[in-house]
Amino acid sequence: VPLDLPQFHPHLTLARVRHAAAGSIAEFVKRHRNFIGPAWRVTEFALVESELHPAGARHRVRRIYPFPG
(Lines give C-alpha, C1' and ligand atoms only; values in the text may rest on other atoms or scores of the structure.)
Protein backbone atom coordinates (compact mmCIF):
# COMPACT_ATOMS: atom_id res chain seq x y z
CA VAL A 1 0.00 0.00 0.00
CA PRO A 2 1.63 3.26 -1.04
CA LEU A 3 1.81 5.91 1.64
CA ASP A 4 0.62 9.43 0.94
CA LEU A 5 2.94 11.39 3.22
CA PRO A 6 4.03 14.48 1.28
CA GLN A 7 5.34 16.29 4.39
CA PHE A 8 7.10 13.33 6.01
CA HIS A 9 10.88 13.64 6.26
CA PRO A 10 12.43 10.69 8.11
CA HIS A 11 15.26 11.77 10.38
CA LEU A 12 16.90 11.12 13.72
CA THR A 13 16.99 14.07 16.11
CA LEU A 14 20.08 14.06 18.30
CA ALA A 15 19.53 17.46 19.89
CA ARG A 16 17.40 20.56 19.67
CA VAL A 17 18.49 24.03 20.70
CA ARG A 18 16.41 27.17 20.97
CA HIS A 19 17.71 30.69 21.06
CA ALA A 20 21.41 29.85 20.69
CA ALA A 21 23.90 32.61 19.99
CA ALA A 22 25.62 32.45 16.62
CA GLY A 23 28.59 30.11 16.79
CA SER A 24 27.74 28.78 20.25
CA ILE A 25 26.66 25.37 18.98
CA ALA A 26 29.80 25.02 16.87
CA GLU A 27 31.91 26.01 19.88
CA PHE A 28 30.13 23.46 22.10
CA VAL A 29 30.69 20.70 19.55
CA LYS A 30 34.35 21.70 19.21
CA ARG A 31 34.89 21.61 23.01
CA HIS A 32 33.25 18.18 23.28
CA ARG A 33 34.59 16.58 20.10
CA ASN A 34 36.34 13.79 22.04
CA PHE A 35 33.37 12.95 24.25
CA ILE A 36 32.54 9.25 24.49
CA GLY A 37 29.32 8.46 26.30
CA PRO A 38 28.55 5.24 28.12
CA ALA A 39 27.48 2.17 26.16
CA TRP A 40 23.98 0.84 26.65
CA ARG A 41 21.88 -1.97 25.24
CA VAL A 42 19.04 -0.94 22.96
CA THR A 43 16.00 -3.14 23.56
CA GLU A 44 13.46 -1.20 21.50
CA PHE A 45 12.92 1.95 19.54
CA ALA A 46 9.88 4.13 19.09
CA LEU A 47 8.50 5.71 15.97
CA VAL A 48 7.48 9.17 17.17
CA GLU A 49 5.32 11.70 15.36
CA SER A 50 5.92 15.36 16.08
CA GLU A 51 3.52 18.18 15.34
CA LEU A 52 4.93 21.68 15.38
CA HIS A 53 2.93 24.31 17.25
CA PRO A 54 3.75 27.90 18.30
CA ALA A 55 4.18 26.76 21.92
CA GLY A 56 6.50 23.92 20.88
CA ALA A 57 6.36 20.50 19.33
CA ARG A 58 3.91 17.84 20.48
CA HIS A 59 5.17 14.28 20.28
CA ARG A 60 3.17 11.08 20.01
CA VAL A 61 4.54 7.54 20.00
CA ARG A 62 3.09 5.84 16.95
CA ARG A 63 4.64 2.42 17.43
CA ILE A 64 7.21 0.62 19.56
CA TYR A 65 9.57 -1.80 17.81
CA PRO A 66 11.21 -4.27 20.21
CA PHE A 67 14.58 -5.76 19.34
CA PRO A 68 14.76 -9.53 19.84
CA GLY A 69 17.36 -10.97 22.12
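A residue counts as buried here when its relative accessible area is under 20%. By that yardstick, 1% of the 69 residues of the chain are buried. Keep in mind that this is a predicted model.

Let's start with the overall build. The chain has one helix and two strands, and read from the N terminus the order is α-β-β. How does its radius of gyration sit against that of a compact globule? A compact globule of 69 residues would come out near 11 Å, but this chain has 17 Å. Along the principal axes, the C-alpha atoms take up a box of roughly 45 × 40 × 20 Å. As for contacts, take those with a separation of 6 or more: residues 24 or more positions apart account for 17% of them.

Now for the aromatic residues. Searching the whole structure turns up two aromatic pairs. In one of them, Phe-45 and Tyr-65 are stacked, with 5.0 Å from centre to centre and 15° between the planes. Phe-45 belongs to strand β1 and Tyr-65 to strand β2, so this pair ties together parts that are 20 residues apart in sequence. Are these two rings tucked away or out in the open? Phe-45 has 40% relative accessibility, so it counts as partly exposed. Tyr-65 has a relative accessible area of 27%, so it is partly exposed too.

Phe-45 also pairs with Phe-67, and this pair is tilted: 5.6 Å centre to centre, with 45° between the planes. Here the link runs between distant parts of the chain, from Phe-45 in strand β1 to Phe-67 in the segment after β2, 22 residues apart. Phe-67 is partly exposed as well, because its relative accessibility is 39%, between the 20% and 50% cut-offs. Put the pairs together and Phe-45, Tyr-65 and Phe-67 form one aromatic cluster.

Finally, the empty space. Rolling a probe the size of a water molecule over the atoms shows where such space is left. The largest pocket holds about 920 Å³. Two elements, β1 (44-51) and β2 (58-66), each give two or more residues to the lining of this pocket. Which of the elements gives the most? That is β1, with seven residues. The lining has 19 residues in total, and those nearest the centre of the pocket are Phe-8, His-11, Val-48, Glu-49 and Ser-50. By residue type, the lining divides into nine nonpolar, six polar and four charged. Strand β1 therefore turns up in both stories: it carries Phe-45 of the aromatic pairs, and it gives the most to the pocket lining.

Conventions. Residues are numbered from 1 along each chain as its sequence is written. This is a predicted model: local features need pLDDT of at least 70, side-chain atom pairs count only at pLDDT 80 or more; totals for chains, interfaces and linings use all residues. Side-chain values use heavy atoms; hydrogens and water are left out. On a 1 Å grid over the protein atoms alone, a cavity is a set of points where a 1.4 Å probe fits but cannot get out, and a pocket is an open set with protein on both sides within 12 Å along at least five of seven lines; lining residues have an atom within 4 Å of a point. Grid points are joined across faces, edges and corners, and a volume is the space filled by probe spheres set on the points. Helices (H or I, at least four residues) and strands (E, at least two) are DSSP runs, numbered from the N terminus. Ala, Val, Leu, Ile, Met, Phe, Trp, Tyr, Cys and Pro count as nonpolar, Asp, Glu, Lys and Arg as charged, and the others, Gly among them, as polar. Rings of Phe, Tyr and Trp (its six-membered ring) pair if their centres lie within 6.5 Å; planes under 30 degrees apart count as stacked, over 60 as edge-to-face and the rest as tilted. Buried means under 20% relative accessible area, exposed over 50%, partly exposed in between (1.4 Å probe, protein chains only). The radius of gyration is taken over C-alpha atoms; the globule rule is 2.2 Å times the number of residues to the power 0.38. Contact means heavy atoms within 4.5 Å.
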